[in-house]
Structure formats: C-alpha cells, structure tokens
Amino acid sequence: MKNLLSKKLGLLLPLALALTGCSSNSQNPEPSSAAVPEEMEVSESHDTGLPFDFEVEPEEFTLSFEVEQTLITAAAKGERRTVLDYGKVGDIVSWRYPDEQISVSLSPEKDYLSVEITSENENDNSFTWPVISADTYYFPFGEGKRVPADDPAWFDYLNGQEFQVMEQLSMPFWISSAGSYNLLFVMEDPYRTEMNFTSDSPIAFSVSHQYPAIDDNRTNKFRIYITDKDPVSAAKLYRNYVIEQGQFTTLEQKAEANPNIRKLYGAPFIYLWGDFAVSADDINWQAFRTSLSSPVMEYFLSFAGRLENGQEFTSVLKEIQGQDYVAEYQKNVICSYISQLLKRDDFWEPSVFTQRSSELEVLLAKGYGNLSETDRIQVHKYAVASNLPEVFADAGQWMDSQTVTLLQEMKEGGIEHAWIGLNSWEQAYGKPELVETAVSQDYLIASYDSYHSIHEPGREQWITAQFDDPSLYENAVITDQNGKPESGFQNVGRKLNPTLSLPAVKNRMEGIMSSQLPFNSWFIDCDATGEIYDDYTPSHITTQEEDLAARLERMSYIRDQYHLVIGSEGGNDFAASDIAYAHGIELKTFAWMDEDMKKNQDSDYYIGKYYNPNGGVAEHFSKRIPVKEQYHTTFVDPKYDIPLFKLVYNDSVITSYHWDWSTFKIKGATADRMIREILYNVPPLYHLDAVEWSKYKEDILRHQTVWSDFSQTAVTREMTGFEYKSEDGSVQKTVFGGGGDAAAVAVANFGDSSYQYENIEIPAHSVLIEMNGSREVYTPSLDPEHV
C-alpha cells in the first residue's frame, strides 16, 4: 500500500489530513486539507496545545502529526480493517469499519484533535485503538510515574497487565514522549476502557473500549494535544479541561461551605487505634485476682459460651488462680473479653450491678431502653467500676492513655491541626471523650465507613458489611452478565449496588449521629477508587456511570447532611469536587501482588496480621518492612515520581498514602518519604496508639514543625511548576503559586551525594525550602531504627 505521508510533509496545510489508499471494497478519496481558524493557532504555553498538522491511515488507524516540520507518530499500526464511507464535512473527516460496526470521526477543535469512535451496534461491542509506542511515558498511576519504555523493572511490572482506566489511573489520560514533543491523550469516556500492555520490550500498549448493550452512550471520545517536552504543559492542559467541564472546585471554595476543611491545612493524617473499652492500665491486677469469686466476675463468666474468646478467658482465669501475678498475655485476653461484654446489648443486669455511682444514676435516669448505644456502653462501664471499685479505676478515665492523654500530648508537642481516623464508630462509642477532646483541640476526627461489601445476615465478619435490612443481601447486590453475584472484599460476601444503598446509608448515619458524638469528618472506603460495575440483575440493571454517580451521591449526602469533611480511599479525580482528602493517591496498596508480602508470615517482607493482642495498632500497620527491589522501583523510588495529580489538583484535594503504607512503614525509605512530603505537599500518615506514639513521638514532632509550615503555605495554591533537576530524577523541584516571594518552592535531593542548587548545597536526602523570602535546608533527623 502506498504511504502518502512520506511524500507530503512539505505540502501540508495547517491540520491537513491525508488518507492513504484502502482495500478494494473501500472508498479511496484524494488527500484533503482542513484549515484551523487563525485565532486557534495559539503559541506554545502551559495553557494551550501546539499547532499541528495530522495525517491518518484508516486501514490500520495510524495517526501522525507534524509540528514545526517534525513528524510525530501518535498511534502506531493496529489491526488491519476494511474501511467504507470515507467522507468530509467541513473540518470533520469520518469513515466506517463495517465488519466491527464502528464509525470514526476526526475533528480539529481549538488546539487539539478530537477523535470519536462510535458503535453502530445496539448489542455488546468493543473496539481497540490506539496502539501506543513511545520512548517515555507519564502515567497518572496514583500521583504520577515517569516510565522509560526500556526500563526492565517497569517492563516486568507492566508486562501483560490489563489496567481498567477508571481504577488504575487517578486521572483518565496519559502522556507519551515523542522526540522533542509530548502527546497528551485525554480519555473523555473512560468507563469500560482498558489499557493492555504488550509482552514485547520496549513497553507498548493498546487501549480497548467496551460498548455494552445496557449503556445508551455508544461513542468513545479522545482529545489529543501536542505539547512541548515538559510534562507540566500536558498536566496543565488537563487541568484546563477539567475546569472547562465545570468539574473543578478549590479547597477554599469547599471551605466556604464547610470551614472545618481548613483544619486539614498543615494537618497530618493519624489513625488512632484502640479496640478495647478498658485497658490493662485501668485494672488493679492483684485485686482482680482476689475478686474472681465475686458475683460480677461470675456474671462475666456466664457469657463465655457466647463470645469468641470465651474459652480462652475461662482458661486464663483458671491459670491466674494459681499464680501470684498476671502475665501480659493474660491481661490482654481479659481486657479483650471484658471490652466485648461492655458492648453487648444484653449485658445490663440491675440485680448484679446493685451499686450505683452518681454518673450511673444520671445515665439511668433517662431510662435504659431510651439510651443511645454509646450511653449504654457508659452505663456498663460505670456499673462494672462501681461494683468492683477496688479492681477498676474510675470508668471515665478508662483508655485515657490511649486516647485523651495521647491527643493532649500531640497538641502540647506542636501539632496544631490533625486528622484523626478511627477504625470504626464503635471505637468512639466506647470512649466518647476521645471525639470530644479531638474537636476541642481543633482536630478533625472521623470514623472509617464503607458501603462496598455486604455479608450474609448473621454471618457478618466486619461491622461495615452489616446492614439492618436483611433483604439487601439477596435483592440489592451486583451480578455479572452470567448472573453471578460479584464477590465482596477478600471474596467475602457480595458487592452492594450503590444505586440501592442510599436508604441504608441514611439509616446507618442516622443511628451513628443520634449518639450525639461530635464527629466533624468521615472516611468512606472504596467510593473514590474507581472499582465500579455494570450490574446485570434484571430487576435493577445499572451501568458503571450510574454506579459511580450513586457513590458520589452517598458521599455528598453524608457530607452535606451532617456537615462533615469527607474523604475516601483512592481519590481518583472523578470524586475531586465531592471530597476534601484522599488516601491512596500518593502510594497505592500493592502488598496483594506478592505472596511474601501477603501471606508468608516467615518472610521479612510480610506486611503483618490485622491483629494486635493489646487492641492497639495492628501488626499490619505497625510492622516496618523492606520492599523488594522490583516493587521499590515501581511504587516507592521517588526518582520515577512526577506530581501529575498535584499539578492538576493540589489546591482542590489533599492527598496522602493508602493506610497500608504509612510514613514509617518501609524500612530504608522514611527520610526520602519525609522530604517528598514537603516536595509534593503530602500529609504524613501515621498509625498510633500509646506504644507507637512513644516510639515515634520525637521523629513526628520534628518533622511536623517543618512540613506543616510549608504545607499551610502550599496547600491552597496551584502547583505551578515542576522539573527534574538531574537526569536520573534524583533531584526535583516544585513550585506552588506565583513567582518571587509569592511562591513556595522546594528542591529535594533524593540522591546519595550532595547537589549544588544555585549557591546552596543540598545534602543527600534533604530538601531546600524557599518560602516567604527565606531559604532553609531540611534534613530529616530520625532515630536510626526508623530510617
């Protein structure tokens, strides 16, 4: 077949199109040109794409651009197809692929090329385009990654991968480097779109799109921009695209509706753990041993057959009868057992708890049957303490060392603002003073919540998968095309259809908020991850678009109805206008990819159990582990990072890590992660209880002093600049806001030797901070055990 492109470079008019010869049963038009209005031929800047000419060969759907007499291949050869009905109306060029029942149109729009691919078939259909091959890619994998096409670690990671765009990309675009220029591909309809990475080296991929019969939208759209070599230009074009769509909301605009959002500025994210309602510190253990035959202790034992660790509790009581001490393990079993008792609705028994404190009398005056769940737990606590006063401390002080005291120490240490996350609202029911103290200290405090999975009624494995309406498990779950229910998290239970969830959301939130606990934030798992579904259940067919809209609706409902600062896992940009913060953009969870991390408990790489015998931070979050080299390159090594998400959304959404990968989690990476937290304006994320706070307190407070000051300046500003100052990416510079003293600037050196920046030497693993007319070099000072 004759290639016209190679012969016509000197003849092309602005945005000219040349169509090569087609197969014998295709129309074969002459090359034609389409001129762009003069005002659209804008100059090079961060705000516009470069002017270009383009040529397409439809049989294999190759697409090429010419910019400043330089030829750029945008889409490589794909599957060879029969072409019919080529035509041109104005600037719009179109044709059909009759075998696939697909039509294509290309149209120059402003400073980009619009590509529309439409299924003409009302049944299920699919189409693959483009095929992409380049020297370097910039993917919005989380915050963003620079991927050299010939890098062996990236090839091993991407080889054969099939990435769902909505889930795997934080924003639906990619940037491919072509010589002196970059190409930005924006996927305007990213639903059911998949990136398929080939098994060939260097790295290449194709993009496929599904058109299910249940979805009325039959058109898939791309925008293609040409930019200079700087990927910042492409990120800014995407930011403008989001603004053009009316989908961009700044943090300050969100704060106008809820001023509490400003409490996130300069605030670390802290998950505070403490599953027990009573701790070992709250019990006189010698008195406990001598009270084993009391009526209250016998009452405790009467529940042993109904509690998960009842047999273990019974065995421990027998053991300590023959001891003159109580071992740490035994204390943990006893505290766990009593904590479970205190949360039971059937625990209150007036004939057993005959002694009444003033606090208990006040609570009971309301009528036990009228009490909220948190008040019932307080009744149980005061009842136990009043009837065994020699054994238990004042019930109002139980768990103080893990909660109220810890928060007060944080405030006294200089943490002015913080986001506090609880494992569940039940944690607050057991210690309402925790929520009250956090709010009084100008902290945000939230509970973890989720509406993603639903478990079989009566067999729920965690509280968020439990719903009051038992019919939901059969009547409101997602099924695939074969009628099989989608499995819930970790293959337990099923997935709840979001479009049918709002009554359950309202019911749960009404119950929690009736406790009068002053929560001012909320964390909703999974809703901003992009894990969305087409539901083929005949009685409630639902498209991915409807699924996602319902997730955003329920987050917005919780936000607006209860005036809460909302965040979610993931934080992909379809949720950017609805949430204020996101956990996962800066480092996604990846332990599931490796058996040593996931299952092999004898491995140094094992991430840890979801369990702590003393009810504090689970090993899964507290255990520090190394990361294998292949995962370190693709997930951890800052040399491959690029702040694509921050270049678009720094002043809109505050982003941090998935809770699996807190600041201290990865051995050998803590210092670099701390300076990256400044460079990219990323809040540190910690998992704390009294033990972990004692261990990391000094490191946290030293870092907070520097990071928070910078972040409070940077957080409401657009990230306006980014560049690699060294070829290998080990030295990077970011700019927030305007030029001069109005900007906040950071230059981070992740390398092992010092770097000379202007007249300042930046030591290895340090960051230079320029702000408010001053310069400071910050090198994290860490306990050697925490590096």
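The second largest cavity in this predicted model holds about 50 Å³ of space, where a cavity is a set of points, on a 1 Å grid over the protein atoms alone, at which a 1.4 Å probe fits but cannot get out, and a volume is the space filled by probe spheres set on points joined across faces, edges and corners. Its lining, made up of residues with an atom within 4 Å of a point, consists of Gly274, Phe276, Ala277, Met399, Thr403, Gln427, Gly430, Lys431 and Leu434. By class, this lining has four nonpolar, four polar and one charged residues, with Ala, Val, Leu, Ile, Met, Phe, Trp, Tyr, Cys and Pro counted as nonpolar, Asp, Glu, Lys and Arg as charged, and the others, Gly among them, as polar.

Residues are numbered from 1 along each chain as its sequence is written. Local features need pLDDT of at least 70 and side-chain atom pairs count only at pLDDT 80 or more, while totals for chains, interfaces and linings use all residues, and side-chain values use heavy atoms, with hydrogens and water left out.

Glycine 274, one of the lining residues of the second largest cavity, is found in the loop between β17 (269-272) and α6 (285-290), helices (H or I, at least four residues) and strands (E, at least two) being DSSP runs numbered from the N terminus. With a relative accessible area of 9%, glycine 274 is buried, a term for values under 20% with a 1.4 Å probe and protein chains only. Residues up to four places away in sequence aside, glycine 274 touches Met399, Gln427 and Gly615, contact meaning heavy atoms within 4.5 Å.

By the cavity rule, four cavities of 30 Å³ or more are counted, and the largest encloses about 90 Å³. Of the 13 residues that line the largest cavity, Ser662, Phe664, His687, Glu692 and Tyr696 are the closest to its centre. Elements giving two or more residues to this lining are α19 (619-622), β26 (685-688) and α23, with β26 giving the most, three residues.

The largest nonpolar core, a set of buried Ala, Val, Leu, Ile, Met, Phe, Trp, Tyr and Cys residues joined through side-chain atoms within 4.5 Å, has 198 residues, and Phe65, Trp129, Phe519 and Trp522 have the most contacts inside it. Helix α23 (residues 690-714) supplies the largest share of this core, eight residues. Apart from the largest core lies another, of 46 residues, among them Met297, Trp348, Val352 and Phe392.

Key
Buried means under 20% relative accessible area, exposed over 50%, partly exposed in between (1.4 Å probe, protein chains only). On a 1 Å grid over the protein atoms alone, a cavity is a set of points where a 1.4 Å probe fits but cannot get out, and a pocket is an open set with protein on both sides within 12 Å along at least five of seven lines; lining residues have an atom within 4 Å of a point.
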